[in-house]
Amino acid sequence: MLDPHQLRDQLRSVVDRLTTRGFTLDVAHMESLEGRREAVQIRNEKLQAERNVRSRVIDPITTKNSDYASRMAEGERAADELAAGKAELDAIQAELTDFLLTIPNLPDPVVPVGRGQDDNVEVRRWGMPCQLDFEIKDSVFLGTLSGGLDLDAAYKLSGAHFSLLRGPVARLHRALAQFIIEMHASQHGYEETYVPCVVRGSALQCTGLLPRLEEDLFRVVTNGTASGYLIPSGDVALMNLVAGKILDAKQLPLKLLANTPCFRNEAGRYGRDTRVTFRQYQVDEVALVNIVEPSASMSALEEMVACGERVLQGLELPYRIRVVCTGDLGFSALKSYDLEVWMPSMGRYRAIGSFSNAGDFLARRMLTRWLASATNQPKLVHTVSCSGMAVGTLLKAVLENHQQVDGRIRIPGVIQPMMGVETV
């Protein structure tokens with residue numbers, strides 16, 4: 001959530017920066033709410049001041065004084081007016097908060113201005129896209145050929161947009177997740193965390209997903225009553241581990257990771273990806289979260305991107321890094337990078353992870369602060385996250401980039417010890 005003081009004091013700048021990401025701020029509505037809030041607050045302060053004066057006058061008057069009863073009646077009416085005013089102010093403040101929750105983060109000044117993903121700017125790439133001297137097969141064909149991908153069984157069990165893996169392909173999927181976790185935990189300093197897959201609505205609001213993405217979430221209903229949501233990404237749970245807390249400077253940076261199934265009701269929106277089943281209702285991801293002091297957030301973002309790159313380098317997968325333009329930024333991000341892996345069957349790079357710096361945007365929602373050692377005063381932290389290294393997409397990339405002419409898959413050397421074989 002944006003700083004309300006910044007909205008009031010730097011309104012024109014805020015409007016201009018939001019416009020670059022295709023968001024039009026309803027200034028008239030905001031100013032109307034602010035005007036009502038200010039008027040009611042001033043009235044309440046006046047009523048409170050009058051009540052204080054009246055209390056000092058009544059205090060020395062004895063109960064036998066003829067003015068006592070009338071003064072007490074006036075005091076009760078003033079108290080009722082003040083209570084009504086406070087209730088009105090609370091209602092306006094709630095309305096203002098709901099309005100603020102719909103406003104996205106401000107793009108950092110260094111973010112390139114653009115309308116959508118076609119305007120994202122390539123920063124670097126690694127590896128050469130494979131040049132196969134035989135007909136390229138996509139991951140669905142390769143998985144089905146080996147018997148490791150059974151979409152028919154998945155459909156019978158759960159319907160469309162689910163996958164069922166078995167045998168060596170299922171083991172490869174597990175090995176990839178284990179490889180990512182081990183690298184981040186042992187080499188990059190992240191603490192492995194096992195988190196619930198069901199969260200309260202408040203956790204999704206804290207991470208900027210509610211109320212705007214209600215239709216994309218799966219709700220959990222118990223005895224006819226909604227009791228929570230399936231997580232759309234592991235960073236939702238990881239972020240909320242520090243919600244409402246004041247962290248000591250010694251605890252920062254706080255680096256967390258979680259490997260979770262994630263659930264998103266968005267399958268079918270991208271028809272061109274249907275064949276290679278990128279859009280699924282259920283996917284496995286390894287999410288990263290780094291809670292840092294404000295001065296360290298941009299360097300933490302660059303470090304996190306480098307961690308993601310090392311995963312793909314270890315798996316010998318060509319990739320590119322693109323900085324996300326203003327029009328393609330996620331709701332909570334002030335700066336983001338997309339990590340895109342080469343998919344031979346598509347002849348293009350495909351996003352496999354998104355790394356974002358949210359500044360204090362989410363911390364303000366979560367009320368997460370740290371004690372700055374210099375002042376010992378609590379200040380908002382900054383949050384940096386990878387919404388998830390998609391294990392399923394990584395599996396597809398390995399299948400396609402390391403395919404052999406006979407349909408077998410060469411296993412990258414770094415995970416051969418986990419697999420026990422060189423090909424599947």
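This report covers one helix contact, the salt bridges, two cis peptide bonds and two residues with positive phi in a predicted model.

Residues are numbered from 1 along each chain as its sequence is written. Because the model is predicted, local features need pLDDT of at least 70 and side-chain atom pairs count only at pLDDT 80 or more, while totals for chains, interfaces and linings use all residues; side-chain values use heavy atoms, with hydrogens and water left out.

**Helix contact**

Helices and strands are DSSP runs numbered from the N terminus (helices H or I, at least four residues; strands E, at least two). Helix H7 (residues 167–186) and helix H10 (residues 297–314) have axes that come within 10 Å and cross at roughly 135 degrees. H7 is therefore oblique to H10. Axes are lines fitted to C-alpha atoms, for helices over the stretch in contact, and angles run from 0 to 180 degrees between N-to-C directions. Angles under 35 degrees count as roughly parallel, over 145 as roughly antiparallel, 65 to 115 as roughly perpendicular, and the rest as oblique. The crossing of H7 and H10 is right-handed, meaning that the near helix is turned clockwise from the far one by less than a right angle.

On the H7 side, the contact (heavy atoms within 4.5 Å) is made by Phe179, Ile180, Met183 and His184. H10 contributes Cys307, Gly308, Arg310, Val311 and Gly314. These residues divide into 5 nonpolar, 3 polar and 1 charged. In this scheme Ala, Val, Leu, Ile, Met, Phe, Trp, Tyr, Cys and Pro count as nonpolar, Asp, Glu, Lys and Arg as charged, and the others, Gly among them, as polar.

**Salt bridges**

A salt bridge is a side-chain nitrogen of Lys or Arg within 4 Å of a carboxyl oxygen of Asp or Glu. By this rule the count is 18. The table gives three of these pairs.

| Pair | N to O distance |
|---|---|
| Arginine 8 – glutamate 34 | 3.0 Å |
| Aspartate 150 – arginine 166 | 3.3 Å |
| Arginine 364 – aspartate 360 | 3.3 Å |

Arginine 8 lies in helix H1 (residues 4–9) and glutamate 34 in helix H3 (residues 27–58), so their salt bridge ties together parts 26 residues apart in sequence. Accessibility is given as relative accessible area (buried under 20%, exposed over 50%, partly exposed in between; 1.4 Å probe, protein chains only). Arginine 8 is partly exposed at 35%, whereas glutamate 34 is buried at 13%.

Aspartate 150 and arginine 166 form a salt bridge that links distant parts of the chain, 16 residues apart. Aspartate 150 is in the loop between helix H5 (139–145) and helix H6 (151–158), and arginine 166 in the loop between H6 and H7. Aspartate 150 is partly exposed at 22%, as is arginine 166 at 43%.

In the third pair, arginine 364 is buried at 15% and aspartate 360 is partly exposed at 26%. Glu122, Arg125, Arg320, Arg322 and Glu340 are joined into one network by salt bridges that share partners.

**Backbone features**

A cis peptide bond joins leucine 210 and proline 211, with omega about 10 degrees. Proline 211 lies in the loop between helix H8 (201–206) and strand E4 (219–222). The bond from leucine 252 to proline 253 is also cis, with omega near 0 degrees, and proline 253 is in the loop between strand E6 (246–248) and strand E7 (254–263).

Asparagine 223, a residue other than glycine, has a positive phi near 55 degrees. Asparagine 223 is in the loop between E4 and strand E5 (225–230) and is exposed at 80%. Glutamate 316 has a positive phi near 60 degrees, lies in the loop between H10 and strand E9 (319–323), and is partly exposed at 35%.
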